[in-house]
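Here are my notes on the structure, as numbered points. Please read them with the coordinates open.

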Amino acid sequence: MADSCLGFKFILLANEDPTDKLYRSSTTTTKHAQKRLFAAFMIFGLLNNVLYVIILSAALDLVPSTTPKGIVALFNILPALLTKVVWPLVSNGKIRYTRRVGFCTCVSWLGIMTIAFSKSLTPRLLGISMASLSSGLGELTFLQLTTTLPTKSTSKTALGAWSSGTGFAGIAGAGIWWLLRGLGVKGGLGLSSVLPLFFPLTYKFLLPSFSSLGPDPSDSSRGLYQPLATDAARPSILITPPSQDPVPRSNDDVDDEDDTAAIRARAKRTGSSGSSHLRLSTAEKLTLLRPLVLRYMVPLAAVYVEEYVINSGVAPTLVFPLPTSGIWSMLFKSPRDYYPFWSLTYQTFVFLSRSSLSLSIPPIPLRFLPLPSIIQFFVLSALYIQAKHFIFSSPAYTPPSPPPSSGVDRTIGMVFLLICIEGLCGGLGYVNTFYHVAREGEDENDGPGEEGKGAMEREFRIGAVGAADSTGILFASLISMPLEIALCNAQIEQGRTMCRDL
């Protein structure tokens with residue numbers, strides 16, 4: 001009986017259509033490549049933002065006690081903002097992703113080492129600026145890279161993974177500095193300097209070949225972003241779209257002049273002008289930029305202004321008498337525990353909401369994209385009124401009455417809920433904005449002789465919109481410093497001095 005079964009299986013295998021074998025093999029390869037794609041972009045997002053968080057977490061140790069800590073936040077965001085605003089406008093031609101990744105790695109490593117081994121304020125601020133520039137260019141680069149993937153599904157996977165990585169960076173950065181702060185600035189940041197070195201390793205060894213990602217036979221969107229024909233060239237680790245460079249080059253590398261000649265020869269055979277001559281003029285860039293401002297950039301900037309005003313201006317004043325019962329009494333042992341807990345709560349829910357695409361949660365429809373900023377405004381208003389007028393406080397805990405010796409102020413639960421919503425709104429605003437930007441103009445076809453220009457336009461759009469979040473953070477830092485002082489003074493006038501006593 002067993003022999004008969006084995007014989008039957010042998011006959012089936014012998015008569016199996018070779019096309020079916022090829023299809024199964026191709027599907028398995030594609031799925032494996034997509035897993036590597038998700039892992040690579042999540043690591044990119046984590047690495048790109050984690051040093052930003054580590055530097056902010058170490059602010060107290062980086063500047064003298066007489067220097068406002070807000071100066072660290074300013075130097076940590078301004079170079080990134082300038083990079084995101086200026087770079088897409090002045091750069092042109094095809095993007096050399098390999099060179100950008102190498103540049104970001106070097107500048108980030110040099111920046112963090114400058115901070116670690118400097119003892120005076122000026123060189124430390126220079127190092128912070130270098131790390132900020134690298135972070136801004138890194139975000140610009142990897143967001144643009146997601147638009148060059150071969151199908152809609154792979155682009156969505158990469159963007160979702162990137163967003164998850166940037167969200168997790170908040171939790172990871174705070175945790176890393178918590179573990180390393182005992183080593184001091186030199187030891188803690190010195191060890192952190194190894195993190196940027198994982199950029200090129202991930203880029204070279206983990207990021208899969210784009211040719212292995214699609215088009216998937218089951219993907220109805222295949223062919224959206226097609227690479228230029230490579231003729232009989234040996235495959236490199238990364239086969240890229242027209243606006244990219246191969247990474248790394250194959251072993252039989254040729255110099256740039258030979259590459260240009262080969263591209264021109266292919267263009268002559270196919271009747272196209274090739275992507276090497278394509279450029280977006282300043283006028284074309286401004287034409288692409290105008291509809292993005294109100295549709296995407298204003299809502300995204302508004303979300304960031306509101307949430308960073310909460311985090312930097314309002315949250316430091318959300319301090320209450322220590323609870324003596326319930327779960328809150330186990331979490332808060334000192335008034336100094338409140339602010340780190342609000343920060344951790346915020347970062348956790350940012351991570352969850354930025355992972356919404358990765359969790360297969362449908363994106364917010366385009367017409368509802370301003371909704372997170374609207375909800376965030378009400379969260380900011382509620383927390384502001386609480387910090388100034390104690391509207392949620394239990395009667396016994398409302399100043400100027402002295403708080404009771406036992407019990408829990410119900411405000412703690414209300415603030416926790418509002419900060420959870422704050423994190424959700426911030427993360428959803430980020431990931432959904434870039435999801436929709438990546439799909440701007442995807443149905444437009446390149447005109448004759450303009451093969452690959454649509455890819456450049458997609459790269460420019462997502463890069464230009466990336467400046468909105470940094471703009472929001474910069475404005476929030478300017479608002480939050482005087483706001484924190486004003487709210488603390490208002491509490492002191494009503495008889496609660498805890499914000500001043502921290």
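1. Beyond its neighbours within four places in sequence, Ser 132 is in contact with a run of residues: Phe 75, Asn 76, Ile 77, Leu 78, Pro 79 and Ala 80. Ser 132 itself sits in helix H6, which covers residues 121-146. The model is a predicted one, and these contacts should be read as such.

2. Is Ser 132 buried or exposed? Its relative accessibility is 1%, and the limit for buried is under 20%, so Ser 132 counts as buried.

3. Asn 76 also appears among the contacts of Leu 56, a residue of helix H2 (residues 18-57). Leaving out residues up to four places away in sequence, Leu 56 touches Val 72, Ala 73 and Asn 76. For Leu 56 and Ala 73 the C-alpha to C-alpha distance is 6.6 Å, with their positions 17 residues apart in sequence. Leu 56 has a relative accessible area of 31% and is therefore partly exposed; that class lies between the 20% and 50% limits.

4. Leu 37 lies in helix H2 as well. Its relative accessible area is 0%, so Leu 37 is buried. Which residues does Leu 37 touch, not counting those up to four places away in sequence? They are Leu 149, Thr 154, Thr 157, Ala 158, Leu 207, Pro 208 and Leu 213. Leu 213 is 176 residues from Leu 37 along the chain, yet their C-alpha atoms are separated by 8.5 Å.

5. How many disulfides does the structure hold? There is one, formed by Cys 488 and Cys 499, whose sulfur atoms are 2.1 Å apart. The torsion about their S-S bond is about 95°, which means the disulfide is right-handed. Because Cys 488 lies in helix H17 (residues 467-493) and Cys 499 in helix H18 (residues 498-501), the pair ties together parts 11 residues apart in sequence. Both Cys 488 and Cys 499 are buried.

6. Why does Cys 104 form no bond with Cys 106? The closest cysteine sulfur to that of Cys 104 is in Cys 106, at 9.5 Å, and this is too far for a bond; the cut-off for a disulfide is 2.5 Å between the sulfur atoms. Cys 104 has a relative accessible area of 5% and is therefore buried.

7. One further cysteine deserves a line. Cys 420 has a relative accessibility of 7%, so Cys 420 counts as buried.

Technical notes:
Residues numbered from 1 in each chain as written. Predicted model: local features only at pLDDT ≥ 70, side-chain atom pairs only at ≥ 80, totals over all residues. Heavy atoms only, no water. Helix = DSSP H or I, 4+ residues; strand = E, 2+ residues; numbered from the N terminus. Buried < 20%, exposed > 50% of the residue type's maximum accessible area, 1.4 Å probe, protein only. Contact = heavy atoms within 4.5 Å.
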